[in-house]
Amino acid sequence: MGPVPWTVNSEIYPEEFRGVCGGTSATVNWICSVIMSESFLSISDSVGLGGSFVILGVICVVAFFFVLLFVPETKGLTFEEVALIWKKRARGKDYDSQNLLERGSQF
């Protein structure tokens, strides 16, 4: 996945939660890396080298579709617009985003 998780983590969370969410996601990223690196040789011994890469490939395909479906595009958006996307998703499609923008500009 390379730099993608680090880039997404720096811009996808609302400002009030950015520190906690960024730290949590970095921790999960490192824990998953440790699990993968510690289990790869055991899996490779059990199912063979080809089988272990098939398993990792399936995990990558599932992760790709998860990102495709659930991670919003943030290119060219401000942090406030990204926060609006998450608030709309949390509150439903009928959420009044224009009213939220007006209230947000008052602060």
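## Close-up views of a four-helix chain

**View 1. The whole chain runs α-α-α-α from the N terminus on.** This is a predicted model. Its secondary structure comes to 4 helices and 0 strands. The chain has 107 residues, and buried residues make up 17% of them. About 8,300 Å² of the chain is exposed. Carbon and sulfur atoms supply 68% of that area. Now take the contacts in the chain with a separation of 6 or more: residues 24 or more positions apart account for 30% of them.

**View 2. Ser52 is a buried residue of helix H2.** Helix H2 covers residues 18-70, and Ser52 is found in it. How much of Ser52 is accessible? Its relative accessible area is 1%. Buried means under 20%, so Ser52 counts as buried because its 1% falls under that cut-off. Which residues does Ser52 touch, not counting those up to four places away in sequence? They are Phe40, Ile43, Ser44 and Val47.

**View 3. Ser44 and Ser42 are two more serines of helix H2.** Ser44 is buried, with a relative accessible area of 15%. Leave aside its neighbours within four places in sequence, and Ser44 is in contact with Leu49 and Ser52. The contact with Ser52 also appears in the list for Ser52. Is Ser42 buried or partly exposed? Ser42 counts as partly exposed, at 46% relative accessibility. Ser42 and Ser52 are 10 residues apart along the chain. Their C-alpha atoms are separated by 9.4 Å.

**View 4. Residues 49-71 are listed by UniProt as a "transmembrane region".** The listing comes from an unreviewed entry. In the model, this span is 96% helix and 0% strand. How far apart are the end C-alpha atoms of residues 49-71? They lie 32 Å apart.

**View 5. A nonpolar surface patch includes Phe66.** The patch measures about 840 Å². Which residues make it? They are Val61, Phe64, Phe65, Phe66, Val67, Leu68, Leu69 and Phe70. Phe66 has its place in helix H2. This residue is partly exposed, with a relative accessible area of 48%. Patch residues need over 30% relative accessible area, so Phe66 meets that cut-off with its 48%.

**View 6. Cys32 and Cys60 belong to a structure with 0 disulfides.** A disulfide is a covalent bond between the sulfur atoms of two cysteines. The structure holds 0 disulfides. Cys32 is partly exposed, and its relative accessible area is 45%. Is Cys60 buried or exposed? Cys60 is exposed, with a relative accessible area of 52%. Exposed means over 50%, so Cys60 passes that cut-off with its 52%.

**View 7. Ala83 is a buried residue of helix H3.** Helix H3 covers residues 79-91, and Ala83 is found there. Its relative accessible area is 13%. That value is under 20%, so Ala83 counts as buried. Where does Glu16 come in? Along the chain, Ala83 and Glu16 are 67 residues apart. In space, 9.7 Å separates their C-alpha atoms.

How values were computed. Residues numbered from 1 in each chain as written. Predicted model: local features only at pLDDT ≥ 70, side-chain atom pairs only at ≥ 80, totals over all residues. Heavy atoms only, no water. Patch = residues over 30% accessible without salt bridge, like charges linked within 9 Å, V, L, I, M, F, W, Y side chains within 5 Å. Areas by Shrake-Rupley, 256 points an atom, 1.4 Å probe, with all protein chains shown as cover. Salt bridge = Lys/Arg side-chain N within 4 Å of Asp/Glu carboxyl O. Buried < 20%, exposed > 50% of the residue type's maximum accessible area, 1.4 Å probe, protein only. Contact = heavy atoms within 4.5 Å. UniProt positions renumbered as here; feature names shortened; annotations may be inferred. Disulfide = S-S within 2.5 Å.
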